Amino acid sequence: MKGMNKVKPIERIDMHSHYFPDAYYQLLQKYGITNPDNVYVPKWSLSKHLSDMEAANIIYTCLSITSPFFSFVDSDELPEAVRRCNEEGAGISAAHSDRIGILAALPLPDTESSINEIHYCMKELKVKGFGLPTHANGVYLGNPALDPVFEVLDQYGALVTLHPTSPSAYPKDVNEDLPIPLFEFFVDSARAILNMVYRNIFKRFPNIRFVMPHAGGCFSTMTGRLSSGAGAALDIEGNMKRMYFDLAGSPVPVQLRALLDIVGVERLVYGIDFPYPSLEDALNHGSIIDNTQLLTDEDRKMIYIENAKKLLFHT
């Protein structure tokens with residue numbers, strides 16, 4: 001591809017990419033979802049994903065369902081719809097267990113069905129963890145109604161990644177033609193993380209291994225303000241040190257510098273966000289992190305491989 005770096009990238013583990021199982025495409029078609037979040041629905045295939053992994057020297061990837069998740073599915077169909085996708089994902093992982101791990105979806109905000117799905121996914125499907133939206137039909141992570149779900153996840157010591165979706169409400173006729181991920185995703189991530197801090201999720205459920213998306217959205221750059229005045233009692237930085245952050249998106253230099261100052265390199269992992277960036281964009285993203293002077297070679301080794309291994313294999 002023209003302009004692409006011909007030098008093979010450094011090996012790395014991708015903690016933030018997505019897949020579209022056939023069962024999910026069928027749901028999107030059934031409900032007429034063609035442009036979620038003002039963004040196209042990408043054409044995902046396992047063969048293309050594996051090919052891109054090879055080109056980007058991704059030795060292992062974690063795949064999850066992404067926005068709009070299952071927000072459009074009727075409540076009576078929700079548990080079975082999620083189950084079909086998780087089972088299909090588990091089949092993909094089983095066939096490529098040395099390369100792919102699945103982060104299962106949950107039928108949130110249905111607490112009872114979500115708990116049932118956690119047990120099934122952990123005991124029968126042997127998933128690597130769970131990928132949760134910042135909110136499910138307006139029920140944000142941190143809402144006390146979801147505490148029973150977090151209790152079970154905590155019992156398993158589960159790996160849980162977050163991903164933003166369109167906020168439950170936003171002003172009419174404001175940025176209406178822009179892709180929602182451009183701005184609102186970063187704000188919604190911050191909203192959910194702050195609500196989880198406010199509700200003391202990270203301290204009440206210390207065994208859950210949380211990974212925040214896109215370097216924490218704008219949350220990672222707002223810590224000074226959030227820690228001042230009425231926010232002083234929230235222990236923002238103390239809570240952040242209980243989280244991991246993936247570096248999908250464009251975290252260099254602003255977000256990366258903030259995270260290095262607050263949580264250190266030990267809490268950072270690599271992420272690409274396939275299939276949304278092209279392979280060329282993904283390689284450019286990797287090259288920026290390869291070359292930033294904010295990191296040493298030892299730092300990069302931790303971000304690319306070692307930290308993810310600790311999360312995935314719980315060492």
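The following legends describe close-up views of a predicted model.

**Figure 1. The largest nonpolar core of the predicted model.** In soluble globular proteins, nonpolar side chains tend to be buried together. In this model the largest nonpolar core holds 96 residues. The members that touch the most other members are Phe70, Phe130, Phe150, Leu153 and Phe210. Helix H12, spanning residues 297-313, contributes the largest share of this core, with seven residues.

**Figure 2. The surroundings of Phe130.** Phe130 is one of the residues that touch the most other members of the largest nonpolar core. When residues up to four places away in sequence are not counted, Phe130 touches Leu103, Ala104, Leu106, Ile118, Cys121 and Met122, as well as Leu153, Ala158, Leu159, Val160 and Thr161. Among these neighbours, Leu153 is likewise listed with the core members that touch the most others.

**Figure 3. The largest pocket and its lining.** The volume of the largest pocket is about 630 Å³. Its lining is formed by 25 residues, of which Pro181, His214, Gly249, Asp273 and Tyr276 are the closest to the centre. Helix H6 (184-198) and helix H11 (279-291) each supply at least two residues of this lining, and H11 gives the most, with five residues. By class, the lining of the pocket comprises 15 nonpolar, seven polar and three charged residues.

**Figure 4. The largest cavity and its lining.** Rolling a probe the size of a water molecule over the atoms shows where empty space is left. A search of the whole structure finds one cavity of 30 Å³ or more, and the largest cavity has a volume of about 70 Å³. Of the 13 residues that line the largest cavity, Met15, His16, Ser64, Thr161 and Leu162 are the closest to its centre. Strand S1 (12-18), strand S2 (58-64) and strand S7 (159-163) each supply at least two lining residues. The most come from S1, which gives four. The lining of the cavity divides into six nonpolar, six polar and one charged residues. Thr161 also appears in Figure 2, as a contact of Phe130.

**Figure 5. The contact between helices H1 and H3.** Two packed helices are described by the angle between their axes and the distance between the axes. The axes of helix H1 (residues 22-30) and helix H3 (residues 78-95) cross at roughly 145° and come within 8 Å. On the H1 side, Asp22, Ala23, Tyr24 and Leu27 take part, and they meet Ala81, Arg84, Cys85 and Glu88 in H3. This contact has five nonpolar residues, three charged residues and no polar residues.

Definitions and conventions:
Residues numbered from 1 in each chain as written. Predicted model: local features only at pLDDT ≥ 70, side-chain atom pairs only at ≥ 80, totals over all residues. Heavy atoms only, no water. Core = buried A, V, L, I, M, F, W, Y, C linked by side-chain atoms within 4.5 Å. Buried < 20%, exposed > 50% of the residue type's maximum accessible area, 1.4 Å probe, protein only. Contact = heavy atoms within 4.5 Å. 1 Å grid on protein atoms, 1.4 Å probe; cavity = no way out; pocket = protein on both sides within 12 Å on 5 of 7 lines; lining within 4 Å. Points joined across faces, edges and corners; volume = space filled by probe spheres on them. Nonpolar A, V, L, I, M, F, W, Y, C, P; charged D, E, K, R; others polar. Axes fitted to C-alpha atoms, helices over the stretch in contact; angles between N-to-C directions.
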